[in-house]
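Biologist: Please take a close look at one part of this model: the packing. Start from a single residue and work outwards, keeping the steps of reasoning visible.

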Amino acid sequence: MELFNNLIFGFSVALSFQNVLYCFIGCLLGTMIGVLPGIGPMATIAMLLPITFTLPPVAALIMLAGIYYGAQYGGSTTAILVNLPGETSSVVTCIDGYQMARQGRAGPALAIAAIGSFFAGTVCTMIIAMFGPLIAEIAFKFRAPEYFSLMLMALVTAAVLSQGDTSKSLAMVSLGLLLGVVGADLNTGVQRFTFNITELADGIGFVIIAIGVFAVGEIISNLGELQERQVFTSKVESIYPTLQDLKQSIAPIIRGTAIGAFFGTLPGTGPAISSFSSYLVEKKVAKDPSRFGNGAIEGVAGPESANNAAAQCAFIPTLTLGIPGSASMALMLGALIIQGITPGPTVMTKNPDLFWGLIASMWIGNLMLLVLNLPLVGLWVSLLKVPYRLLFPAIMVFSSIGIYSLNNSPFDLYLAALFGALGFIWMRLGCPAAPMLLGFILGPLLEENLRRALLISRGDPSVFFTRPISLAFMIATVLILLTMAVPAVGKRKSSISG
């Protein structure tokens, strides 16, 4: 009964004219930019983050959430029509979605992707409403040692599960932690890593790093690509899937939703792991696995449901524990902090309108996206034909205005340009930027809880191992590291002996 009352309250907040308008704007902008190849949810949120600073906190978060899952939806359109994933989690959709487009079945592929995403989003929004308060209640029992151990586990998990070399991911997490402590120490006032630069006294701005690495860095990387985009479906004849398509897609959509919901609640995993796992499961349970890679509709339905389920459920650890579920959630967490809201279990008690209004807006947003994605397929196809040389100057101008408007400081623009160059270098070296961003966001919180725990224990580090919940997180962290380290050592030994 309490859940029902809370949802009614949430819809009363979300259905106000202002919040519905910002939800629509977020979904539309997210889909429009997410459709463009090479610009995923992280770059989209990073570019559009500054426009939410003048909004009330509830409207700002609803709009950012709309941008987030709008960009997730848009990525599937690019993957199916152009064979270029709008973001990492849509890589798997390219395999069968693009083959369906070449066979003249782009419409059913896009429709099933939209339907699967809508179903997953709807189910996972209910999961957030049901289990979010329970997790928040458990989180109230956490103290500084538990929060430190949980954040440490989240950072290690993000590094281990990130794509590419684990050692590089761990190095990027460490770099993010170092960037997070730049500026004056809150406890002592001592300047750290500022190199006598006055503008760094307050630390490096979160938006500067986000736009620099994920927007400017992506643009530099895309300008170096010689591959031409070719849209095979200049005109999508029919968007309606057949009855056979629906029959083949129902089970993958349900399985993908379950897989995405599981991975989405784990801190640091992200939607990409969910979509890859779903594809492998569908190929494993299929009666004829040879169909996959040749236009199997299950290869679209499962992964698209999984990545959107993970995207929605990533809000659970972000809102209830203050731990980002993914790099995109780290941007959302930064937006909350900028709005003066402390993420964690107190959000539900201190800002119930924000928590329940956001949950209700997810249902509204998913319905909007279903309406936007199917009838407006022709518009998205037209957007895909816009030359990138015309797009990137507009993105750069918009990003620069957003950065400069924060502090009216030219130094911020120079810093964003520096991080853009670093982001490009990191891409070329295979160093994932997402773990760095998580380290940057969680670094100050990690340090604060470490200090607080040691103050409580009078400098005794055993406090992290004598409290049961903290000990469980520490053991889990060690096991995660061992799980990745042991196979790597085995391979190295076999290569040396060979």
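Modeller: Buried means under 20% relative accessible area, and exposed means over 50%. The model is predicted, and every value below is computed from it.

Start with F473. The residue sits in helix 22, which covers residues 468-497. Its relative accessibility is 15%, so F473 counts as buried. What does F473 touch, once residues up to four places away in sequence are set aside? The partners are F142, E146, S149, L150 and M153. Take S149 from that list. Along the sequence, F473 and S149 are 324 residues apart. In space, their C-alpha atoms are 5.6 Å apart.

That pairing can be set against the chain as a whole. Among contacts with a separation of 6 or more, 79% join residues 24 or more positions apart. The chain has 498 residues, and 55% of them count as buried. Its elements are 22 helices and two strands.

Now the interior. The largest nonpolar core holds 108 residues. Within that core, I204, I209 and F315 have the most contacts. Which residues does F315 reach beyond its neighbours within four places in sequence? They are A65, Y68, I128, T320, M329, M332, L358 and M362. A separate core has 14 residues, including I112, I253, I297 and A301.

Several partners of F315 lead to helix 4. Helix 4 spans residues 57-82, and helix 14 spans residues 327-338. Their axes are 11 Å apart and make an angle of about 165°. An angle over 145 degrees counts as roughly antiparallel. Helix 4 and helix 14 are therefore roughly antiparallel to each other. They cross in a right-handed sense. Helix 4 brings L61, L64, A65 and Y68 to this contact. Helix 14 brings S328, M329, M332, A335 and L336. Sorted by class, these residues are eight nonpolar, one polar and no charged. A65 and Y68 of helix 4 take part here, and both also touch F315. The same holds on the other side: M329 and M332 of helix 14 belong to the contact, and F315 touches both.

Helix 4 has a second partner, helix 16, which runs over residues 352-373. Here the angle is about 35° and the axes are 9 Å apart. This crossing, too, is right-handed. From helix 4 come P57, V58, L61, I62, A65, Y69, G70, Y73 and T77. They meet D353, L354, G357, L358, S361, M362, G365, N366, L369 and N373 of helix 16. The class count is eleven nonpolar, seven polar and one charged. L358 and M362 of helix 16 lie in this contact, and F315 touches them as well. L61 and A65 face helix 16 here, and they also meet helix 14.

A third packing pair is helix 8 with helix 20. Helix 8 covers residues 166-180, helix 20 covers residues 433-456, and their axes lie 6 Å apart. What angle do helix 8 and helix 20 make? It is about 40°. Helix 8 and helix 20 are therefore oblique to each other. Their crossing is right-handed. On the helix 8 side, the contact uses S169, M172, V173, G176, L177, L179 and G180. On the helix 20 side, it uses A433, P435, M436, G439, F440, G443, P444 and L446. That gives ten nonpolar, five polar and no charged residues.

Now the loop that follows helix 20. R458 lies between helix 20 and helix 21 (463-466). Its relative accessibility is 81%, so R458 counts as exposed. Most residues other than glycine have a negative phi. R458 has a positive phi of about 60°, although it is not a glycine. N196 is a further case: its phi is positive, near 60°, and it is not glycine either. N196 sits in the loop between strand 2 (191-192) and helix 9 (206-223). With a relative accessible area of 80%, N196 is exposed.

One residue falls between the two classes. I254 belongs to helix 10, residues 243-264. Its relative accessible area is 47%, so I254 is partly exposed. How far apart are the C-alpha atoms of I254 and G302? They are separated by 7.8 Å, with these positions 48 residues apart along the chain as the sequence offset.

Notes. Residues are numbered from 1 along each chain as its sequence is written. This is a predicted model: local features need pLDDT of at least 70, side-chain atom pairs count only at pLDDT 80 or more; totals for chains, interfaces and linings use all residues. Side-chain values use heavy atoms; hydrogens and water are left out. Axes are lines fitted to C-alpha atoms, for helices over the stretch in contact, and angles run from 0 to 180 degrees between N-to-C directions. Helices (H or I, at least four residues) and strands (E, at least two) are DSSP runs, numbered from the N terminus. Angles under 35 degrees count as roughly parallel, over 145 as roughly antiparallel, 65 to 115 as roughly perpendicular and the rest as oblique. A crossing is left-handed if the near helix is turned anticlockwise from the far one by less than a right angle, and right-handed if clockwise. Contact means heavy atoms within 4.5 Å. Ala, Val, Leu, Ile, Met, Phe, Trp, Tyr, Cys and Pro count as nonpolar, Asp, Glu, Lys and Arg as charged, and the others, Gly among them, as polar. Buried means under 20% relative accessible area, exposed over 50%, partly exposed in between (1.4 Å probe, protein chains only). A nonpolar core is a set of buried Ala, Val, Leu, Ile, Met, Phe, Trp, Tyr and Cys residues joined through side-chain atoms within 4.5 Å.
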